[in-house]
Amino acid sequence: MADLLSRLAHMLDPEAAHVWAIRALGGWGRSGAPLAGAMPRLATVVAGVTFPNPVGLAAGLDKDARAIPGLMALGFGSVEVGTLTPRAQPGNPKPRLFRLAEDRAVINRMGFNNGGLAAGVARAAAATRRGGVLGINVGANKDATDRIADYVAGVRAAAAVADYVTINISSPNTPGLRDLQQGAALDELLAACVVERGTTPLFLKIAPDLDAAGIDGVAKAAIARGVDALVIGNTTISRPALRSAHAGETGGLSGAPLRALAAAKLAEVRAATGGQIALVAAGGIDSGAEAYARIRAGASLVQLYSALVYEGPGLPRRVVTELAACLARDGFASVAEAVGA
Ligand SMILES: Cc1cc2nc3c(=O)[nH]c(=O)nc-3n(C[C@H](O)[C@H](O)[C@H](O)COP(=O)(O)O)c2cc1C
């Protein structure tokens with residue numbers, strides 16, 4: 001049934017398929033049984049939160065927290081909903097989501113379309129979590145006059161409900177947003193957000209397009225302000241060689257062509273931080289072997305999104321199972337033992 005669903009979804013226009021899949025998962029999660037069995041070797045504690053496994057759903061698929069139980073039932077150890085902005089906003093004009101099938105990639109310029117923070121957080125609060133970890137990802141409205149105030153409002157509301165909160169300053173689709181990744185603005189943002197999060201862990205999601213100096217600056221500021229983890233990272237505005245007709249579309253690129261860049265940036269961030277802050281790897285992860293490679297390179301957790309579009313809903317379970325086999329093969333008794341090893 002899962003395969004049939006994913007084949008049908010590929011016949012629709014990408015955004016229609018997306019909305020349809022969320023609806024199907026929303027309904028399924030209420031009635032369906034969880035698919036993933038417990039694998040004790042994969043349970044891992046990051047920032048004081050116990051993740052049943054380190055494979056999470058990256059932000060942006062379930063922006064409005066409509067399908068948390070269904071997504072957790074696919075086998076994800078965590079689901080990150082959002083990005084939510086204080087006020088509902090429509091996002092960019094359509095089309096804004098492109099499948100690059102030949103490249104196993106996606107380009108999107110959604111622009112934080114979402115139904116607003118209050119509605120999303122209320123839905124998240126009401127959702128059954130099935131033992132999975134819930135992250136809420138927050139951002140700023142496109143027309144915000146005070147972006148930092150938007151993040152502060154987001155962190156405050158999300159921290160009351162989420163197991164962790166991610167501040168996303170790395171979307172390429174809100175003009176100027178990525179400027180928050182540096183200098184005084186970054187430090188002011190982090191100082192304000194660490195106060196608002198109370199005791200809830202705070203993650204910071206950065207772009208894979210940061211250069212060495214940019215990474216150094218973010219790492220220093222995040223560690224100094226007590227941020228719990230860095231997510232590396234978001235989509236890229238760079239364009240490695242692509243074959244698909246949609247290669248020239250404006251937006252953020254994700255999926256297979258992002259893999260090498262995301263892995264290289266993870267290694268750079270690990271070198272710059274030396275284990276002083278937890279890392280979450282995202283970008284082109286589509287197998288247990290790739291998840292394992294990122295963990296060995298220093299990530300405590302991994303996230304994926306685009307590969308789900310191509311591999312279908314069986315993917316999370318497959319990644320989790322393969323990852324467990326990789327750990328066992330190399331003699332690691334836990335995920336934590338393998339991090340950066
Ligand atoms: C259609 C789409 C929408 C996304 N929306 C968000 C978002 O709202 N917030 C966010 O932090 N990341 C968003 N992302 C980025 C993903 O969370 C992830 O960081 C990125 O796609 C790299 O992982 P992947 O190669 O496994 O897709 C989005 C990605 C895609 C493909």
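# A tour from Asp228 to the ligand

Start by selecting Asp228 and Arg197: their side chains are joined by a polar contact of 2.7 Å. The model is predicted, and this pair is the first stop.

Stay on Asp228 and show the elements on either side. Asp228 sits in the loop between helix H7 (212-225) and strand S10 (229-232). Is Asp228 buried, partly exposed or exposed? With a relative accessible area of 24%, Asp228 is partly exposed, because buried would require a value under 20%.

Now display what touches Asp228. Leaving aside neighbours within four places in sequence, Asp228 is in contact with Ala47, Arg197, Pro201, Leu202, Phe203, Ile277 and Ala278. For a sense of scale, add Thr250, which is 22 residues from Asp228 along the chain. The C-alpha atoms of Asp228 and Thr250 are separated by 32 Å.

Next, select Thr273, which belongs to helix H8 (residues 259-273). Thr273 has a relative accessible area of 2% and is therefore buried. Beyond its neighbours within four places in sequence, Thr273 is in contact with Ala219, Ile223, Leu230 and Leu279.

Move on to strands S3 and S4. Strand S3 (residues 55-57) pairs with S4 in the parallel sense, over two bridges. To find one of the bridge pairs, select Gly56 and Ser78; the latter is the partner in S4. Colour S4 by accessibility: seven of its seven residues are buried.

S4 leads to the ligand. Strand S4 (78-84), strand S6 (105-108) and strand S11 (252-255) each supply at least two residues of the shell around the ligand. Select that shell as a whole: 23 residues surround the ligand, and the closest are Ala59, Thr83, Lys205, Gly284 and Ser306. Colour the shell by class to see seven nonpolar, 14 polar and two charged residues.

Which residues place a polar side-chain atom beside the ligand? Two to select are these:

- Thr83, with a polar side-chain atom 2.7 Å from a nitrogen atom of the ligand.
- Asn137, with a polar side-chain atom 3.0 Å from an oxygen atom of the ligand.

Then show the backbone of Gly255, where an N or O atom lies 2.8 Å from an oxygen atom of the ligand. Finally, turn on a surface for the protein: on its own the ligand has 610 Å² of accessible area, and the protein covers 97% of this.

Notes:
Residues numbered from 1 in each chain as written. Predicted model: local features only at pLDDT ≥ 70, side-chain atom pairs only at ≥ 80, totals over all residues. Heavy atoms only, no water. Near = heavy atom within 4 Å. Polar contact = N/O pair within 3.5 Å; in protein donor to acceptor, adjacent residues only side chain to side chain. Areas by Shrake-Rupley, 256 points an atom, 1.4 Å probe, with all protein chains shown as cover. Helix = DSSP H or I, 4+ residues; strand = E, 2+ residues; numbered from the N terminus. Nonpolar A, V, L, I, M, F, W, Y, C, P; charged D, E, K, R; others polar. Buried < 20%, exposed > 50% of the residue type's maximum accessible area, 1.4 Å probe, protein only. Contact = heavy atoms within 4.5 Å. Pairing = 2+ DSSP bridges.
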